[in-house]
Amino acid sequence: MITACSAICRNGCRRARRRQGWPNGDRAQGRIIAEIAGAAAFVEHLRNAGWAVAFATGGLRKMSRRKLTAIGVKFADDLLVTASEYVTREELVVQAIEAARIHYAFTPGRVVSIGDGIWDLKTAAALGLHFLGVGTGSKAEILASAGATVVSDFRDRAAATASLQQCGLAQY
């Protein structure tokens with residue numbers, strides 16, 4: 001499984017955080033880092049269930065490390081593939097899959113990309129991967145209208161896991 005960091009944490013201004021009831025998070029360059037509800041526990045749940053978890057993100061390595069650490073996600077540095085190393089979204093995801101293959105010493109079977117943007121869906125479709133969208137409001141509507149399975153957050157681990165197992169191949 002591959003996930004973008006933005007699919008498990010987000011930056012936001014203090015006012016938006018209050019409106020949405022987000023818990024306090026870490027600060028980075030005047031912005032707040034907040035977990036998408038239940039994301040850290042969901043990542044740990046997936047690992048315990050035998051999923052290989054790697055992270056592909058268009059963010060820079062230093063900030064991506066800070067985001068994951070701020071929300072309490074444990075990760076091996078070799079499983080974090082960032083825009084500090086690769087330019088295109090496709091390269092990021094392909095390299096994250098390769099990093100997971102090497103780290104976990106196996107050939108991945110079903111790979112699911114989790115993302116919160118249409119570019120994540122397009123990348124998964126271009127690579128022939130399964131896709132699970134995460135978001136609310138217009139983000140969720142855009143992903144769902146493009147045919148993606150979408151969850152609003154990861155609080156309900158059983159529902160999120162079922163969505164992960166049932167989501168189809170990305171098409172765009």
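Burial, contacts and helix packing in a predicted model

Of the 172 residues of the chain, 44% count as buried, and the model in which this share was computed is a predicted one. The chain is made up of seven helices and nine strands, with loops such as the one between H4 and S7 among the connecting parts. Among the contacts in the chain with a separation of 6 or more, 60% are accounted for by residues that stand 24 or more positions apart.

The packing of two helices may be considered next. Helix H2, which spans residues 39-48, packs with H7 at an angle of about 60°, and the axes of the two helices are 11 Å apart. Because an angle of about 60° falls outside the range of 65 to 115 degrees that counts as roughly perpendicular, and is not under 35 degrees either, H2 and H7 are described as oblique to each other. The crossing in which H2 passes H7 is right-handed. On the side of H2, the residues that take part are Ala-41, Phe-42, His-45 and Leu-46, and these meet Arg-157, Ala-160, Thr-161 and Leu-164 of H7. The residues of this contact divide into five nonpolar, two polar and one charged.

Helix H7 covers residues 157-166 and also contains Ser-163. This serine has a relative accessible area of 16%, and it is therefore buried, since the limit for that class is under 20%. When neighbours within four places in sequence are left aside, Ser-163 is in contact with Leu-132, Thr-149 and Val-151.

Arg-110 is located in the loop that runs between helix H4 (89-104) and strand S7 (112-115). With a relative accessible area of 31%, Arg-110 is partly exposed. If neighbours within four places in sequence are set aside, the residues in contact with Arg-110 are Trp-51, His-130, Leu-164, Gln-165, Gln-166 and Cys-167; of these, Leu-164 also appears among the residues of H7 that meet H2. Two of the approaches made by Arg-110 can be described at the level of atoms. Its side chain is joined to the side chain of His-130 by a polar contact of 3.2 Å, and the side chain of Arg-110 also reaches the backbone oxygen of Gln-165, at 3.3 Å. In addition, the C-alpha atoms of Arg-110 and Leu-129 are separated by 8.0 Å, although these two residues are 19 residues apart along the chain.

The loop between H4 and S7 is also the place of Ala-105. Ala-105 is exposed, with a relative accessible area of 68%. Its backbone deserves a separate remark, for the phi of Ala-105 is near 55°, a positive value in a residue other than glycine. Most residues other than glycine have a negative phi.

Beyond strand S7, in the loop that leads to helix H5 (118-127), lies Asp-116. At 8% relative accessibility, Asp-116 counts as buried, because a value under 20% places a residue in that class. The side chain of Asp-116 nevertheless has a polar partner, as it makes a polar contact of 3.2 Å with the side chain of Lys-139. Not counting residues up to four places away in sequence, Asp-116 touches Ser-6, Ala-7, Val-134, Lys-139 and Leu-143.

Conventions:
Residues numbered from 1 in each chain as written. Predicted model: local features only at pLDDT ≥ 70, side-chain atom pairs only at ≥ 80, totals over all residues. Heavy atoms only, no water. Helix = DSSP H or I, 4+ residues; strand = E, 2+ residues; numbered from the N terminus. Buried < 20%, exposed > 50% of the residue type's maximum accessible area, 1.4 Å probe, protein only. Contact = heavy atoms within 4.5 Å. Polar contact = N/O pair within 3.5 Å; in protein donor to acceptor, adjacent residues only side chain to side chain. Axes fitted to C-alpha atoms, helices over the stretch in contact; angles between N-to-C directions. Parallel < 35°, antiparallel > 145°, perpendicular 65-115°, else oblique. Left-handed = near helix turned anticlockwise from the far one by under 90°. Nonpolar A, V, L, I, M, F, W, Y, C, P; charged D, E, K, R; others polar.
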